[in-house]
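Thank you all for coming. I would like to walk through one chain with you, slowly, and I will put the sequence and the structure up before saying anything about them.

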Amino acid sequence: MARARKKSDAQHSAPAALSTTPFQLTLSGEQTIYQAAELHQQLAEALGKHTAIQLELSCVSELDCAIAQVLIWLRGEAGARGVALQFIAPSQPVQDFIRLIGLQAMLPLEELAHGS
């Protein structure tokens, strides 16, 4: 015997309109594995709600591989979703870290310095 479906199961709600106001987030101080999960969550939510993301990096004093991984993920997801992404004014420690671990191809410094 077939079950009747609830009305809510049969209908798909229309996707919410994305905000055209850029999501702006400033990172400062140490950005390490201890901040990675929260940063990832904030950015995942922003990707679903905004057409543009601006990530200010000028006040970052330390960066580690966990945060670099989040930035690489963000760049890929933003591109796949058509979300404009800007990495604004990366600090010298950010630039040095990108060079040190050889991530220039995935996070080009010229894009980081001028936005992507």
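Which pattern does the chain follow when it is read along the sequence? Before I answer, please keep in mind that what you see is a predicted model. Read along the sequence, the chain goes α-β-α-β-α-β-α-α, and its secondary structure comes to five helices and three strands.

Let us begin with the part of that pattern that contains strand S2, residues 52–63, and strand S3, residues 84–88. These two strands pair in the parallel sense, over five bridges, and one of the partnerships across them is that of Leu-55 with Phe-87 in S3. If you follow the chain from S2 through helix H3, residues 65–81, and on into S3, you trace a right-handed β-α-β unit.

Now look along S3 itself. In general, the side chains of a regular strand alternate between the two faces of the sheet. In S3, Leu-85 and Phe-87 point to one face and are buried, while Ala-84, Gln-86 and Ile-88 point to the other face and are not buried.

Phe-87 comes up again when we turn to the interior. The largest nonpolar core has 28 residues, and the members that touch the most other members are Leu-43, Ile-53, Leu-55, Leu-74 and Phe-87. Strand S1, H2, S2, H3, S3 and H4 each supply at least two residues of this core, and H3 gives the most, with seven. Over the whole chain of 116 residues, 35% count as buried.

Let me take two buried residues one at a time. Leu-39 lies in helix H2, residues 33–49, and it counts as buried because its relative accessibility is 3%. Leaving aside its neighbours within four places in sequence, Leu-39 is in contact with Leu-25, Leu-27, Ile-67 and Val-70. With Val-70, the separation is 31 residues in sequence, yet the two C-alpha atoms are 7.7 Å apart in space. For the chain in general, among contacts between residues at least 6 apart in sequence, 81% join residues at least 24 apart.

The second is Gln-54, in strand S2. Is Gln-54 buried or exposed? Its relative accessibility is 18%, and since the cut-off for buried is under 20%, Gln-54 counts as buried. Beyond its neighbours within four places in sequence, its contacts are Pro-22, Phe-23, Gln-24, Leu-25, Gln-86 and Ile-88.

Next comes helix H4, residues 92–100, where Val-94, Gln-95, Phe-97 and Ile-98 are buried. Why do these four lie on the same side of H4? They do so because they cover an arc of only 165 degrees around the axis. After H4 comes Gly-102, whose phi is positive, near 75 degrees.

Finally, a word about cysteines. A disulfide is a covalent bond between the sulfur atoms of two cysteines. How many disulfides does a search of the whole structure find? The search finds zero. As for individual cysteines, Cys-59 counts as partly exposed because its relative accessibility is 45%, and Cys-65 also counts as partly exposed, at 49%.

Definitions and conventions: Residues numbered from 1 in each chain as written. Predicted model: local features only at pLDDT ≥ 70, side-chain atom pairs only at ≥ 80, totals over all residues. Heavy atoms only, no water. Buried < 20%, exposed > 50% of the residue type's maximum accessible area, 1.4 Å probe, protein only. Pairing = 2+ DSSP bridges. Right-handed = clockwise from strand over helix to strand, strands pointing away. Contact = heavy atoms within 4.5 Å. Disulfide = S-S within 2.5 Å. Core = buried A, V, L, I, M, F, W, Y, C linked by side-chain atoms within 4.5 Å. Arc of directions from axis to C-beta.
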